[in-house]
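Look through the sequence and the 3D structure shown here before reading on. The report after them takes the chain as a whole and then some of its parts.

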Amino acid sequence: MDKKPLVTQWLAIGIIFLFVGTCIVPTTAQYNQKQVISSSRGNWLYVGGNGPGNYSRIQDAIDSAVDGDTVFVYNGTYDEEIRIRKTIDLLGESKDATLIETASIGYTVEIMENSTSISGFTIRNTGDHTYPVVRLYTVNKVTISDMILDGMNDLIGIQLHDADDNRIQQNFFISCDRAISIFSKIPYHSFNNTIVDNRINGNGTGIELWSSDHTIISNNTFVVRQFGISFYGGNHNLIENNTIYDANRPISLSSYGMNNTIAYNHIENTNSSRKCSNGIYTNQQGMDTYIRGNIISNYTFGVLLKDSFIPVV
């Protein structure tokens, strides 16, 4: 039997498989590469530093960006007002050394687009003492984290105006008249906001909420003189695991509200020469205020309930 035709056939089959394999491998590699590229979040634009094409102003980089881009800002002091109307990430190199400040009348930073994030800055206003340092205006799903907000003794640090589903976390507030203020022109419109792991130091109020629902305030540390956390209306809000030092009224709930929970907070007046009245005070004319598991030290009244219906302590 002649073996040459059989060898020739197998050689031909091998060449065919080799050819098919070389076609499949590059095609698969190209497919994977496209998947990686499509999952990335836009382009990066740079402000400051020495790189070619870097911007000198943050606002110019924001204006050049498109939705999904990241604007990275190198350490330095930037004297400007920032307006964000795009879905971008604004990232500072270091919160201790990347400073945005202005002496102009108005907000130092105003965010007016959903799903935006900002982190890694110190922000303050050295001139006008009327407007909040940072304002979120009718936006959703914005994250503010790892920031220093300096209120210069008179200002609101962050104001949420008719804003839902936002997150404020791991920030340091200093010298604010009110560190965080959440309110709405439409009653019970600002809802589902989360405030966690922040440090608030100053002579004013820590957090105030006006007609806000489903707010979570958790694991924050306050060293303040006036109110720690103050509610004026609102339903289904959770205040838990916070530490509040030296506030005249650490937690206060007023006006109508339902199903609010105050639990497992540590409240202490460390100044024995200063008389403070109430650790937790509520005159909410609503139903089911749940107060449990709190530790309150050196206050005249630990919990004072006034005109409140069916509180559960």
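The sections below go from the whole chain to its sheet, its core and a single residue.

## The chain as a whole

This is a predicted model. The chain holds two helices and 31 strands. Its length is 313 residues, and 46% of them are buried.

The accessible surface of the chain comes to about 15,300 Å². Carbon and sulfur atoms account for 53% of that surface. Among contacts with a separation of 6 or more, 51% link residues 24 or more positions apart.

## An open sheet of ten strands

Strands of a sheet pair through backbone hydrogen bonds, and the pairing can be parallel or antiparallel. In this chain, ten strands form an open sheet with parallel pairing. Their order is S3-S6-S9-S12-S15-S18-S21-S24-S27-S30. Strand S3 (76-79) and strand S30 (295-297) are at the edges and have a single partner strand each, so one side of each has no neighbour in the sheet. From one strand to the next, the twist averages 10 degrees.

One pairing in this sheet joins strand S12 (residues 148-150) to strand S15 (residues 172-174), in the parallel sense and over three bridges. Within this pairing, Leu149 has Phe173 of S15 as its bridge partner.

## Strand S19 and its partners

Strand S19 covers residues 205-210, and five of its six residues are buried. Strand S16 (residues 178-183) runs parallel to S19 and is joined to S19 by four bridges. Here Ile180 stands opposite Ile207 in S19.

S19 also pairs with strand S22 (residues 227-235), again in parallel and through four bridges. In this pairing Leu209 stands opposite Phe231 in S22.

## The largest nonpolar core

The largest nonpolar core has 57 residues. Which of them touch the most other members? They are Ile58, Val71, Leu90 and Ile123.

Leu90 shows what such contacts look like. Leaving aside residues up to four places away in sequence, Leu90 touches Ile58, Ile62, Val71, Val73, Ile82, Ile84, Ser117, Ile118, Ser119 and Phe121.

## A closer look at Ser145

Ser145 belongs to strand S11, which spans residues 143-145. Is Ser145 buried or exposed? Its relative accessibility is 14%. Buried means under 20%, so Ser145 counts as buried.

With residues up to four places away in sequence left out, Ser145 touches Ile118, Ser119 and Gly120, and also Gln169, Gln170 and Asn171. Ile118 and Ser119 also appear among the contacts of Leu90.

Methods. Residues are numbered from 1 along each chain as its sequence is written. This is a predicted model: local features need pLDDT of at least 70, side-chain atom pairs count only at pLDDT 80 or more; totals for chains, interfaces and linings use all residues. Side-chain values use heavy atoms; hydrogens and water are left out. Buried means under 20% relative accessible area, exposed over 50%, partly exposed in between (1.4 Å probe, protein chains only). Contact means heavy atoms within 4.5 Å. Accessible areas come from the Shrake-Rupley method with a 1.4 Å probe; for residues, only the protein chains shown count as cover. Two strands pair if DSSP finds at least two bridges between them. Axes are lines fitted to C-alpha atoms, for helices over the stretch in contact, and angles run from 0 to 180 degrees between N-to-C directions. A nonpolar core is a set of buried Ala, Val, Leu, Ile, Met, Phe, Trp, Tyr and Cys residues joined through side-chain atoms within 4.5 Å.
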